[in-house]
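Reader: I'm new to reading protein models. Could you walk me through this one?

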Amino acid sequence: MSIALKNTVLTYPDGDTRLRALDDVDFAVGRSELVAVTGPSGSGKSSLLAVAGLLITPDSGTVTVDGVDVTDLSRSERTTVRRTQLGFVFQQANLIASLTATEQLLMITHLSGGKVRGQRARARDLLSSLGLEQQLDKRPHQLSGGQRQRVAIARSLMNDPSVLLVDEPTSALDESRSREIVGLLADLSRDRDVAIVMVTHDLGQLDLVDEVYEMHSGRLTRAAVPA
Ligand code: ADP
Ligand code: MG
């Protein structure tokens, strides 16, 4: 499995008690799989992504990435796993206003300590493969919402992650753009052998995914994929 959580519990302080944001969660996603996680607001979906993304250490349970237990790694080791094996896409594309689409991707190389020069062609190829060949030198304000989200997805792939964690990628998009983005994620999971976990409220696109899970009060259960 590319990413797996086993018996994972995460609590937050809540007055004199603690709130169980993740209540004994078991979850695993393999290469080439696109998995959707749905559920009401406050049910723990973003907490799941934060634990899977090694941004928060759970109270108990384990997290494995590509079969390696990463639960007890040091902070700097976790950062390395995050930079080399994980990719993130958020609700808003979070692009830098002054940079072109190509430069948004090169920023990732720069932050990882890589040589930017050799990566320019790779950045352009990635953007082109996501249908952005006409937008390579455009800045965020020159792009549509769907195009911005595509740039964010291309950026998340820059380090060739084995796991992509995606939080509500379509919440700012209309129905047909949403369907394009989820369809694109389904293609990416297959073509690039990446495990994708997508949190979504967008029940209309679930027929495009491989598995559906529902989160309720920190408990994760498997649900049926709609026909
Ligand atoms: P979702 O993404 O499904 O809306 P979250 O994972 O953001 O759910 O939140 C799950 C629960 O944990 C909610 O009750 C939320 O209020 C609480 N919560 C989230 N983050 C924190 C935090 N940093 N401190 C305290 N409580 C939090
Ligand atoms: Mg959330």
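Author: Sure, and let's begin with what pairing means: two strands pair if DSSP finds at least two bridges between them. Keep in mind that this is a predicted model. Here, strand β1 (residues 3–14) pairs with β2 in the antiparallel sense, over 9 bridges.

Reader: Which residue in β2 is the bridge partner of Tyr-12?

Author: That's Leu-19.

Reader: What is the order of the strands in the open sheet?

Author: The open sheet has 4 strands, in the order β2-β1-β4-β5, and the pairing is antiparallel. At the edges stand β2 (17–29) and β5 (68–69); each has a single partner strand, so one side of each is left without a neighbour in the sheet.

Reader: And how many helices and strands are in the protein?

Author: You'll find 6 helices and 10 strands.

Reader: How do I read the radius of gyration?

Author: Set it against what a compact globule would have. For 227 residues that would be near 17 Å, and the protein has 17 Å, so the two agree. The C-alpha trace spans about 50 × 40 × 35 Å along its principal axes.

Reader: What share of the residues is buried?

Author: Buried means under 20% relative accessible area. In this protein, 50% of the 227 residues are buried. As for the accessible surface, it comes to about 10800 Å², and carbon and sulfur atoms account for 48% of it.

Reader: What about the charges?

Author: There are 25 positive and 29 negative side chains, and the centres of the two sets lie 8 Å apart.

How values were computed
Residues are numbered from 1 along each chain as its sequence is written. Chains are lettered from A and ligands numbered from 1 in the order in which they are written. This is a predicted model: local features need pLDDT of at least 70, side-chain atom pairs count only at pLDDT 80 or more; totals for chains, interfaces and linings use all residues. Side-chain values use heavy atoms; hydrogens and water are left out. Helices (H or I, at least four residues) and strands (E, at least two) are DSSP runs, numbered from the N terminus. The radius of gyration is taken over C-alpha atoms; the globule rule is 2.2 Å times the number of residues to the power 0.38. Buried means under 20% relative accessible area, exposed over 50%, partly exposed in between (1.4 Å probe, protein chains only). Accessible areas come from the Shrake-Rupley method with a 1.4 Å probe; for residues, only the protein chains shown count as cover. Lys and Arg count as positive and Asp and Glu as negative; His and the chain ends are not counted. The place of a charge is taken as NZ of Lys, CZ of Arg, CG of Asp or CD of Glu.
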